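Morning, everyone. I have a few minutes, so let me put the structure up and walk you through it.

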Amino acid sequence: MKIAIIGAGNVGATIAYTLATQGVANDVSLIDVNTDKAYGEVLDIAHGGAVSEHVLLRAEGYEGLEDADIIVHAAGRGRKPGESRLDLAKGNIKITEGIISKIKKHYNGRSIFLVVTNPMDVLTYVFYKQMGIDRTKIFGSGTVLDSSRFKYLLGHHFNVDPRNLHAMVIGEHGDSSVPLWSAATIGPTLISQYPSKEQPRLSPEDIDNISKDVVQAGQEVIKRKGATFYAISMSVTRILKAIVNNENRLLCVSSYIENTHGVNDVCLSLPAIIGRDGIRELLTISLSPSEEAALQRSAAVLKDMLREVEYQ
Ligand code: NAD
């Protein structure tokens, strides 16, 4: 399997590093407008090859997409201090449109696309509309990271390993994301009934605080170190592993949604089963009335932004 990553910045290079150290793919390529940076990142990771997993690492031009099985879009920039989400969207849409025109010249017709650059849901929509390929083959990293943050916070609250928590965030990867409290469990036990129905350890205040912390988690990191890239790279690697190993794994990725839960013609995250061919299916979920309304609000926020950037 060859994975080509466009963008060799913090996120793209850390995805390459994570793929190499976990031995996920045997061929990983970095493509960046700054060719020196891409080559420097490749060398830095490849120098550890003798003490890690076997992987062919390359810095390439867009011709490197011709034999790529998966293309990851991590090029562009994060939000500058004080910059609006709309200005970030406009800037990264321009970069993304330029990249798509280069991709089209070298697209082999079978690669799966994974969008990471922010605003990820909007850019997934741009990719989907511009590439004109099946929606199962083009999706965003979605709320896999948000769901992991949710589980981290719940694990901390209950002092339980986050891997034993089943909890998801759906909707926008952003301020309007929707943590699914009604379906969150520790193993088979609803968290609202843990440790017992009579004396739950989760108060309405805890729900409020954790919901806010899930949304704020990225900003907490950015405030301290200027960017987030480790957990997103681990999340992207998780998705890539599901594709490479044909895992049929349930992950909340962002994809083109039509007439589901009152949401239409927008990309946002819902639980999906991911395998070798991309999205095998979107899972049918039951939402509480407040979660359903929150999902529709999230879709409305994204549609507003798509209108503002003239994609709708
Ligand atoms: P960065 O500034 O470190 O790196 C961006 C890279 O993109 C640079 O190396 C730059 O040279 C390259 N680039 C710019 N224009 C290009 C072009 N036209 N063609 C090829 N390469 C180009 O940024 P980063 O920290 O790596 O973040 C990248 C993106 O990932 C940002 O939009 C950020 O917001 C996003 N991100 C998303 C998530 C998520 O959950 N989806 C999480 C963290 C970061």
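Start with the second largest pocket. Helix 1 (10-22), helix 5 (144-158), strand 7 (165-166), helix 6 (204-225), helix 7 (230-244) and strand 12 (249-257) each give its lining at least two residues. Helices (H or I, at least four residues) and strands (E, at least two) are DSSP runs, numbered from the N terminus. A pocket, on a 1 Å grid over the protein atoms alone, is an open set of points where a 1.4 Å probe fits, with protein on both sides within 12 Å along at least five of seven lines; lining residues have an atom within 4 Å of a point.

A word on the source. This is a predicted model, where local features need pLDDT of at least 70 and side-chain atom pairs count only at pLDDT 80 or more, while totals for chains, interfaces and linings use all residues. Residues are numbered from 1 along each chain as its sequence is written, and side-chain values use heavy atoms, with hydrogens and water left out.

Back to the pocket. In all, 36 residues line it. Nearest its centre lie Val144, Leu145, Ser147, Ser148 and Arg149.

Now helix 5. Its 15 residues should span 21 Å at 1.5 Å a residue (1.5 Å times one less than the number of residues). The end C-alpha atoms are 21 Å apart, which agrees. Its buried residues (under 20% relative accessible area, 1.4 Å probe, protein chains only) include Val144, Leu145, Ser147 and Arg149. Just after helix 5, asparagine 159 takes a positive phi of about 55 degrees.

Next, helix 6. It has 22 residues and reaches 32 Å between its first and last C-alpha, close to the 32 Å expected. Where is the kink in helix 6 centred? On glutamine 216, at about 50 degrees. That bend is the angle between axes fitted to the seven residues ending there and the seven starting there. Buried in helix 6 are Ile210, Val214, Ala217 and Gly218.

On to the loop between strand 11 (189-190) and helix 6, where proline 195 is found. The peptide bond into it from tyrosine 194 is cis, with omega near 0 degrees.

Last, the cysteines. How many disulfides (cysteine sulfur pairs within 2.5 Å) does a search of the whole structure find? Zero. Why is cysteine 252 unpaired? Its sulfur is 15 Å from the closest cysteine sulfur, in cysteine 267, too far for a bond. Cysteine 252 is buried, at 6% relative accessible area. Cysteine 267 is buried too, at 2%.

Methods. Disulfide = S-S within 2.5 Å. Buried < 20%, exposed > 50% of the residue type's maximum accessible area, 1.4 Å probe, protein only.
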